[in-house]
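Good morning, and thank you for coming. I would like to take you through one structure this morning, and I ask you to keep it in view while I speak.

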Amino acid sequence: MPEQGFSTRSLHAGEDADLNMVSRPKTMPIYETSVFVYDNLAQADDFSSGNPDNFMYTRLGNPNQRALEIWAAEMESGADAVCCASGMAALMAVIASECGAGDKVAAAQEIYGGTQSLLSKELERFGIEVYFLNSHHTEAISAELRPATKILLVETASNPLVKLANIPLLAKAAHSVGTKLVVDNTFLSPVLFQPLKHGADAVIHSTTKYINGHSDATGGLVIADADWVSRARRFVHNGGASLSPFEAWLTMRGAKTLALRMERHVANAQKIAEWLQTRPGVVRVHFPGLESHAQHLLARTLFHKGTGGILSFDLRGGLAAADELVQTLKMIKFAPSLAGVSTTISHPAKTSHRSYSSESLAKLGITAGTIRLSVGIEDLLDIIADLSRAI
Ligand code: PLP
């Protein structure tokens, strides 16, 4: 063969450098490739027959995605899992793979604002009927689930007031009328609670939060039985909501320390909630680990490993006090996300719950002085020192 041109050589030189390696990587490399190479046509047939070890095109599967899916199914005690580009993509996939036009979805009234928006602004346009209910009135739930409601969607713990969902009772009520229970387990993580073991039919995560834990990758997961996951996977593939290999790799790296991190998040949050209760500038602390919390007993029985590192508190001085707090804190940053290794605060009325009317906020119990604290894994005394200066 004549010598190849510069363009050809610059494309192919070095591309097979790892093919004859004697050793193999200890840590899965980032398979940052959009497509995979086959040696023959039979290998393409093998992909179509569903061999899970056969990857063709990253939108349709990639080893980094697969690794995260195997991890999630194991940790949540599910048959299978599919990862996707964000927590919202996971919510879309779990609902769209189960419901179509004419079906009904019920959701907890205090569900995350993004989820409310997805349900009422998008899914309703496709003919799915959406309604919101009080998921804490468990004895009334089966009557409230109108005939043929396909899905009841709840969060294990709500944002920002950390109201807990009684998953076993909700599952029983939903199943008694043929409804499937989908649980957004983002706030607890599978380390603290596994909804599938308590009767839920499917679980979703925004891995952007605790599972990744480092505030540097966005992603989502659906975990359920094999049939539901295969439908959700098809939706993710057809809808183009696949997780990038790099985000999957970052998330897997974070996930390896999830159990350790959750232990520290829970311990720090408990101590900070107790300390906040003693501050004169704080009217009320919302944290299920406190005896004063209405769901303390449920927290101790169903969620005995803890409810995570999220808590909120109401400042005596309302909006002005909240703004002053934001500006006075040094180490703790105002960042409207949560569940990273660093402690952050947010102001629900100005961020996550901005679209709510003041009446709806009052109904939910969120005031202008409500601050959400995502307690990180720093040394406890340093978090308290920063808060102490500012409150
Ligand atoms: N579920 C909960 C409980 C959340 O708090 C969020 C985001 O804040 C989501 C889902 C959506 O996740 P993402 O931002 O990764 O799409």
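I shall speak about a sheet, then a helix and the ligand, and finally two loop residues.

Please bear in mind throughout that this is a predicted model.

Let us begin with the sheet. Five strands make it up, and the sheet is open, with the order S8-S9-S12-S11-S10 and mixed pairing. Which strands stand at the edges? They are S8, residues 282–286, and S10, residues 333–334; each has a single partner strand, so one side of each lacks a neighbour in the sheet. As general background, the strands of a sheet pair through backbone hydrogen bonds, in either a parallel or an antiparallel manner.

I now turn to strand S12, which spans residues 370–374. S12 runs antiparallel to S9, and 5 bridges join the two. Within that pairing, Ser312 has Arg372 in S12 as its bridge partner. S12 is also antiparallel to S11, residues 344–346, and here there are 3 bridges. Thr344 is the bridge partner of Ser374 in S12.

How many residues of S12 are buried? The count is 5 of 5, so the strand is largely enclosed by the rest of the structure. In a regular strand, side chains alternate between the two faces of the sheet. In S12, Thr370, Arg372 and Ser374 point one way, while Ile371 and Leu373 point the other way, and all are buried.

The sheet also has a helix lying across it. Helix H13, residues 318–328, lies across S9, S10, S11 and S12, and runs at about 125° to S9.

Next, I would direct your attention to helix H4, residues 87–96. H4 is mostly covered, with 7 of its 10 residues buried. Those buried residues are Gly87, Ala89, Ala90, Leu91, Ala93, Val94 and Ile95. At the N-terminal end of H4, Ser86 acts as the cap: one of its side-chain oxygens lies 3.4 Å from the backbone nitrogen of Met88.

That end of the helix brings us to the ligand. Ser86, Gly87 and Met88 are among the residues around the ligand, and the others include Tyr112, Glu155, Asp184, Thr208 and Lys209. Which polar contacts does the ligand make through its oxygen atoms? A backbone N or O atom of Met88 lies 2.9 Å from one ligand oxygen atom. For Thr208, a polar side-chain atom is 2.6 Å from an oxygen atom of the ligand. For Lys209, an N or O atom in the side chain is 2.8 Å from an oxygen atom of the ligand. Taken alone, the ligand exposes 390 Å², of which the protein buries 88%.

I close with two loop residues. Ser337 sits in the loop between S10 and S11. Is Ser337 buried or partly exposed? Its relative accessibility is 32%, so it counts as partly exposed. Not counting residues up to four places away in sequence, Ser337 touches Lys209, Thr344 and Arg372. Of these, Lys209 is one of the residues around the ligand, while Arg372 belongs to the buried strand S12. Ser337 also lies 17 Å from Arg261, C-alpha to C-alpha, with the two 76 residues apart in sequence.

The second loop residue is His293, found between S8 and helix H12, residues 296–302. His293 has a relative accessible area of 13% and is therefore buried. Leaving aside neighbours within four places in sequence, its contacts are Leu161, Val162, His286, Phe287 and Pro288.

Thank you for your attention.

Key:
Residues numbered from 1 in each chain as written. Predicted model: local features only at pLDDT ≥ 70, side-chain atom pairs only at ≥ 80, totals over all residues. Heavy atoms only, no water. Pairing = 2+ DSSP bridges. Helix = DSSP H or I, 4+ residues; strand = E, 2+ residues; numbered from the N terminus. Contact = heavy atoms within 4.5 Å. Axes fitted to C-alpha atoms, helices over the stretch in contact; angles between N-to-C directions. Buried < 20%, exposed > 50% of the residue type's maximum accessible area, 1.4 Å probe, protein only. Polar contact = N/O pair within 3.5 Å; in protein donor to acceptor, adjacent residues only side chain to side chain. Near = heavy atom within 4 Å. Areas by Shrake-Rupley, 256 points an atom, 1.4 Å probe, with all protein chains shown as cover.
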